[in-house]
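This report goes through one protein model, part by part. Keep the sequence and the 3D view open while reading.

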Amino acid sequence: IEAAREATVSAETSGRVEEIRADIGDAIAAGTVILTVTSTEQRAGLTRAEAALAEARATLLTETAELQRARDLFARKFISQADMDRATMRLDTAQARVDSADAALRAAREQLSYTEVRAPYAGIVSERLVEPGELVQPGTPLMSGYDPAALRVEVDLPQFVAERVRALQEARIVPLAAAGAAATAVIVPEKLLLYPQADSVTSTVRARLELPPSVADLYPGQFVTVQFTVGARQGLLVPQASVVRRSEVSAVYVVRDGIPALRQVRTGATVGERIEVLAGLAAGELIAADPIAAATALTRNSGGASER
């Protein structure tokens, strides 16, 4: 299994790691602050940018008033056209300084925001790469994580199998159960994709199966069994629990007129909790699901005679 969405968050500003608010295995919501970097330098830069903007705006107000006075004087022919042009140019310069100071302020605020590292999307922390007090620079990896709702499985198939899988588009995923644990449920992938090219070294084609978002208790790095449908045929299946095994002989209790009778059968492949019967049984015949109860009934009906 691998994560379809996984990322390593890196530092975007320089400083020392101040606080780490998430650790390996934590489930984090999108936008949550996971780490902070010292912000003394960035806050000082923001203060300077705010002061520069305030100064530029004050200059703009002064030059605006000066231009208005120049227009009045020019209208009464007390100043020349050159003086009027210089007043207009000073106002344009003051406006440009305001725009520049405003851009610098936005950049300073952005730099300050970089001191709070946030999760780009909801997920689980898989690796922590720094410690408190460590000096970081732009590009320093800080923390890794993945989205547990976006998992997929990749497996390599022989070329002759891949073509059948590509045509039928049927597969299922079986998680490996722990020793002594109950059988796990089969997962039907949301999407099955076969790569459009084969590996020239291994002569295999890679298949990618996307897991449903609701799948739980699975994580990247786990191994699972993937079963592909490569064809279909008719077969006779019976519950495994109904089959009696004695040495190398397999049999089932066939019920006729309410009376069970033991009949030898030849079994084949196992399909989940059922087993295929290759010979000895016909479709539509009634068999006992509980062979112990059938043997007890047979003994009772035969007057206590032991079964042979």
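## The largest nonpolar core

The largest nonpolar core contains 23 residues, and Val 153, Leu 192, Leu 209 and Phe 228 have the most contacts inside it. A nonpolar core here is a set of buried Ala, Val, Leu, Ile, Met, Phe, Trp, Tyr and Cys residues joined through side-chain atoms within 4.5 Å. Buried means under 20% relative accessible area, exposed means over 50%, and partly exposed lies in between (1.4 Å probe, protein chains only). Two or more residues each come from strand 10, helix 3, strand 11 (171-175), strand 12, strand 13 and strand 14. Helices (H or I, at least four residues) and strands (E, at least two) are DSSP runs numbered from the N terminus.

Which residues does Phe 228 touch, not counting residues up to four places away in sequence? They are Val 155, Leu 157, Val 165, Glu 170, Ala 171, Leu 192, Ala 207 and Leu 209. A contact means heavy atoms within 4.5 Å.

## How the model was treated

The model is predicted: local features need pLDDT of at least 70, side-chain atom pairs count only at pLDDT 80 or more, and totals for chains, interfaces and linings use all residues. Residues are numbered from 1 along each chain as its sequence is written, and side-chain values use heavy atoms, with hydrogens and water left out.

## Helix 3

Helix 3 covers residues 159-168, and its buried residues are Val 161, Ala 162 and Val 165. Seen down the helix axis, these buried residues fall within an arc of 100 degrees, so they line one face of helix 3. The arc is taken from the directions from the helix axis to the C-beta atoms. Phe 160 and Ala 167, on the other side of helix 3, are exposed.

The cover over the buried residues of helix 3 includes strand 10, strand 12 (191-194), strand 13 and strand 14 (224-228). Gln 169, just after helix 3, has a positive phi of about 55 degrees.

## Strand 10 and its partners

Strand 10 (residues 151-158) is joined to strand 1 (residues 2-3) by two bridges, and the two run antiparallel. Two strands pair if DSSP finds at least two bridges between them. In this pairing Glu 2 stands opposite Arg 152. Strand 10 also pairs with strand 13 (residues 204-210), in the antiparallel sense and over seven bridges. Here Asp 156 is opposite Arg 206.

## Two open sheets

One open sheet has four strands in the order 6-5-3-8, with antiparallel pairing. Strand 6 (116-118) and strand 8 (135-136) are its edge strands, each pairing on one side only. Strand 3 (residues 15-20) pairs with strand 8 over two bridges, and Arg 16 stands opposite Leu 135.

Another open sheet of four strands follows the order 2-9-7-4, again with antiparallel pairing. Strand 2 (6-10) and strand 4 (27-28) are at the edges with a single partner strand each, so one side of each has no neighbour in the sheet. Strand 2 is joined to strand 9 (residues 141-146) by five bridges, and Ala 7 faces Gly 145 across this pairing.

## Ser 39 and Arg 5

Is Ser 39 buried or exposed? Ser 39 counts as buried because its relative accessibility is 14%. Ser 39 sits in the loop between strand 5 (33-37) and helix 1 (40-75). Leaving aside neighbours within four places in sequence, Ser 39 is in contact with Leu 112 and Thr 115.

Arg 5 lies over the face of Tyr 121, at 4.1 Å from the ring centre. A charge sits over a ring if NZ of Lys or CZ of Arg is within 6 Å of the ring centre and within 35 degrees of the ring normal.
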